[in-house]
Amino acid sequence: MIAALLGFFFLRSIVAFEVRHFSYPLVVFLIFLLQHNPVAFIHVNHIIAFPKTVDLWTGRNGTVDPGDQCSCEAFLPGTTFPMGELVQLEQTAVQITQYGVANLTVVIEMMEDDPDSYSELYIQEVKIQIKQVEALILELQASIQTSSITVIIVELTKLETKYDKNLVLVTRREYIKLQQKLEECERRHNEIFNPNIGNFIPVGSCNHGGISRLSKPIISQLNANLASGHIYGGWGKDSHPLPGSETMYWYSASTDAVVRYMSVYSDYYRLIMRQAMKTYDLYASSDWRGMGNNYIIRANTLYYQFANPFSMAKFNMTTQKAEYRVVPSASNRFSYHYAPNQILDFAADESGLWVTYATEASKGKLVLGKIDEAAFALKQVWQTSIFKPSVGNTFMVCGVLYATRSVDIHTEEIFYTYDTHTRKERYVSIPFEKFQERYMYLDYNPTDQKLYMYNNGYYVSYHVWFNQNQSNKPQVLI
């Protein structure tokens, strides 16, 4: 692009004065001479005379003598344009591109996803390629820091200021910026409304290697109470809907951590229009109120933290009957980072129903329990190594626990996983954007592979992308 720009300016400089008197080969020769050795241009004064210094655009003139000899006035810059240094700079940049930085990035990402599938020899070859690219980048940086490059920038700025009277280059740059914004808008639109999810991972399948990334937050709207003060709450879909309830959504919120009302909506449109199909009152006939808001609905049953006594409870919305069970050893002293009273956190995934909590014996470290839905009791527990008060929230996907924490006011991060199948834990880094700093609810729904967040009174959701297993991703020959 730089070379093309220079060629454009030099061409305009040459043809600005009475080009009709020149033959085409002569013009080409002059352009070539000026590009490769501007100083040598003075040696063609037997063809072009320079009686005085004038501006090419405003003071040009030309005459033809009887012998068809053309004489013109032209302005020759006093400094030599560093064309050689510019060409060298372009060649270095091309070399970096030819080494395939983008392809190298793809290879490294694939190796990070599945490092055991690559031989030591292949890894060494990739390291060599990285070193070669690093050397070229250092060479390019050294070139940019030389005085010749500074001269190039100064000369280009002068040329643009002097000759781009119609602001062609400025307009082009603004056009490129606008084009990039439109491409980003289109990418964001497709990510939200046409996400490329499920090509290899059908809904309900666990044939994947875990979460790879999340989409940007999809903000539906403010809650049905139209009150930003209702910061304690949650929303989502039934994780195991009864026949006929596949499109049902639910919502509950309050200004404090007490759980009393639960509203259900026949579909997403009714949710957005705030047209509840039914609202259940846990304090209508008996005091079945809860505490905290890490609840879920599964098979038309609300699972939540019972207020008194401290225990786990379930409310069948079909029969409108409730029962509770004390969780062995569970302590009510350890809550999540963002708010108190978030003691028992219920989750559902492709494999069933779960609850997380902490105990005095674990000294506040997170404990994960699998719930037998028929008996409504814990049938197996796992001890993790993360301190619950340092965790933002947790959720389950295919028997794997994912824990989040705050990075800054705009960013949250999945930083920890625990696989109940292998009893192995890992520290990872999967950052994702928050709509607002604090949130009270985060859960995964296996029916649509989305994360649902209640963020400071707003309905927020995320699309989830998964790593491919070796069995369902393209093979790399090494």
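**Exercise 1. Place W250 in its sheet.**

Task: find which residue stands opposite W250 in β8, then work outward to the whole sheet.

Solution.
Step 1. In β8, the residue opposite W250 is V264. The model is predicted: local features need pLDDT of at least 70, side-chain atom pairs count only at pLDDT 80 or more, and totals for chains, interfaces and linings use all residues. Numbering starts from 1 along each chain as its sequence is written, and side-chain values use heavy atoms, with hydrogens and water left out.

Step 2. Strand β8 covers residues 261-265 and pairs with β6 through three bridges, in the antiparallel sense. Strands are DSSP runs (E, at least two residues), numbered from the N terminus. Two strands pair if DSSP finds at least two bridges between them.

Step 3. Turn to β5. Six bridges join β5 to β6 (residues 249-254), again antiparallel. Here G233 is opposite A253, and Y232 has S254 as its bridge partner.

Step 4. Assemble the sheet. It is open, with four strands in the order β5-β6-β8-β9 and antiparallel pairing. β5 (232-237) and β9 (278-281) are the edge strands, each pairing on one side only.

**Exercise 2. Decide how enclosed β6 is.**

Task: state how many residues of β6 are buried, and check both faces.

Solution.
Step 1. Buried means under 20% relative accessible area (1.4 Å probe, protein chains only).
Step 2. Six of the six residues of β6 are buried, so the strand is largely enclosed by the rest of the structure.
Step 3. One face carries Y249, Y251 and A253; the other carries W250, S252 and S254. Both faces are covered.

**Exercise 3. Describe the surroundings of R298.**

Task: locate R298, then list its side-chain partner and contacts.

Solution.
Step 1. R298 belongs to β11 (residues 296-298).
Step 2. R298 is buried, at 7% relative accessible area.
Step 3. The side chains of R298 and E373 make a polar contact of 3.1 Å. Such a contact is a pair of N or O atoms within 3.5 Å; within protein, one must be able to donate a hydrogen and the other to accept it, and residues adjacent in sequence count only if both atoms are side-chain atoms.
Step 4. Leaving out residues up to four places away in sequence, R298 touches D238, S239, H240, Y303, A348, D349, G352, L353 and E373. Contact means heavy atoms within 4.5 Å.

Notes: Buried < 20%, exposed > 50% of the residue type's maximum accessible area, 1.4 Å probe, protein only.
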